[in-house]
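Thanks, everyone. I'll keep this short and go straight to the picture.

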Amino acid sequence: MALLRKINQVLLFLLIVTLCVILYKKVHKGTVPKNDGDDESETPEELEEEIPVVICAAAGRMGATMAAINSIYSNTDANILFYVVGLRNTLTRIRKWIEHSKLREINFKIVEFNPMVLKGKIRPDSSRPELLQPLNFVRFYLPLLIHQHEKVIYLDDDVIVQGDIQELYDTTLALGHAAAFSDDCDLPSAQDINRLVGLQNTYMGYLDYRKKAIKDLGISPSTCSFNPGVIVANMTEWKHQRITKQLEKWMQKNVEENLYSSSLGGGVATSPMLIVFHGKYSTINPLWHIRHLESSDFPEHVYAQKSATGKLVF
Ligand SMILES: *[C@@H]1O[C@H](CO)[C@@H](O)[C@H](O)[C@H]1NC(C)=O
């Protein structure tokens, strides 16, 4: 009797395995891009890689987001998958915006960001309430939002891209680096521009160096800051280094000790990143970022205005 039950169990197990294999094959087949007939000629390398681009769509800034998406989409032949991130109550509106515009052809997913993850991590700052918009912190949580991709691009909604996003995506991340950013003072002209529009380009502008926790970091206040409005990130490395946890720690510390210079634009989301990524990031080719600043019709088409968050638009 016992033997019979064993055999039954083995048979059941085999049946389950077979089912799993069939199921896996089915699903797998569905995701493999179809190539018309000729299997031999197309090696995997030739199949177009999907570029995941994360961008937020805040309720009052939907137009900016659509302009950003349009600027990316209309300047590349690459196969882009847009992850449009919003809060729960705006998700249907985002879908409508996209589907009722010429952007309906884009490949996109709408992703919900739950602001509850920020509970107790944001310091109420009545002077610049717009900076507390929860979506500003989406960039801290990239691996929670994106699962199928190792390399990901994040863009602020106030960015207008005039180059091919493929070039940005091809940015090389050094081994052990979870992200690449563009430095705020890579080119001499960048400093002049920053001064012109009153932006900070050193750590001093974002961190309160009178606080012990900041002094103890041992980072020179004149260190050039970077701009986390454009990120090329490696999700594997991000998870490995627990970047999200580290960023959360520095948010929490700020709630307790008020470590960041709140008077300056972009401070809330930028400061923790400056700390966590200090000395540990790759750089985005400054020419990709700045190239447009050098065009002759500067400044109208280049970084026409400072956005609500005081960030440089390019
Ligand atoms: C991402 O990081 C992992 C772990 O360091 C590394 O093996 C992989 O090659 C990196 N991928 C990219 C696209 O940089």
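I'll take the sheet, then one loop residue, then the ligand.

A caution before the details: this is a predicted model.

Start with the sheet. Seven strands make it up, and it is open. Read across, the order is β3-β2-β1-β4-β6-β5-β7, with mixed pairing. Which strands stand at the edges? They are β3, residues 107-112, and β7, residues 282-283. Each has a single partner strand, so one side of each has no neighbour in the sheet.

Next, a helix on that sheet. Helix α3, residues 91-99, packs there and touches both β2 and β3. Its direction makes about 165 degrees with that of β3.

Now look at β1 and β2. β1 covers residues 50-56, and β2 covers residues 79-86. The two pair in the parallel sense, over seven bridges. If you want one bridge to find on screen, take C56, whose partner in β2 is V85.

Move along to β5, residues 179-183. Is this strand buried or exposed? Mostly covered: five of its five residues are buried. β5 pairs with β6, residues 226-234, through four bridges, and these two run antiparallel. β5 also pairs with β7, this time in the parallel sense, over two bridges. So where do you see both pairings at one residue? Look at A180. Its bridge partner in β6 is V232. Its bridge partner in β7 is S282.

As a reminder, strands in a sheet pair through backbone hydrogen bonds, either parallel or antiparallel.

Now the loop residue. L103 sits in the loop between α3 and β3. Buried or exposed? L103 is buried, at a relative accessible area of 4%, and the cut-off for buried is under 20%. What does L103 touch? Leaving out residues up to four places away in sequence, the contacts are M66, I69, N70, Y73 and I98. Take Y73 from that list. Y73 and L103 are 30 residues apart along the chain, yet their C-alpha atoms are separated by 8.5 Å.

Last, the ligand. Which residues are around it? E150, N234 and E237. E150 places a polar side-chain atom 3.0 Å from a ligand nitrogen. N234 has a polar side-chain atom 2.4 Å from a ligand oxygen. For E237, an N or O atom of the side chain is 2.4 Å from an oxygen atom of the ligand. How much of the ligand does the protein cover? On its own, the ligand has 370 Å² of accessible area, and the protein covers 57% of that.

That's my tour. Over to you.

Note on methods. Residues numbered from 1 in each chain as written. Predicted model: local features only at pLDDT ≥ 70, side-chain atom pairs only at ≥ 80, totals over all residues. Heavy atoms only, no water. Near = heavy atom within 4 Å. Polar contact = N/O pair within 3.5 Å; in protein donor to acceptor, adjacent residues only side chain to side chain. Areas by Shrake-Rupley, 256 points an atom, 1.4 Å probe, with all protein chains shown as cover. Pairing = 2+ DSSP bridges. Contact = heavy atoms within 4.5 Å. Axes fitted to C-alpha atoms, helices over the stretch in contact; angles between N-to-C directions. Buried < 20%, exposed > 50% of the residue type's maximum accessible area, 1.4 Å probe, protein only.
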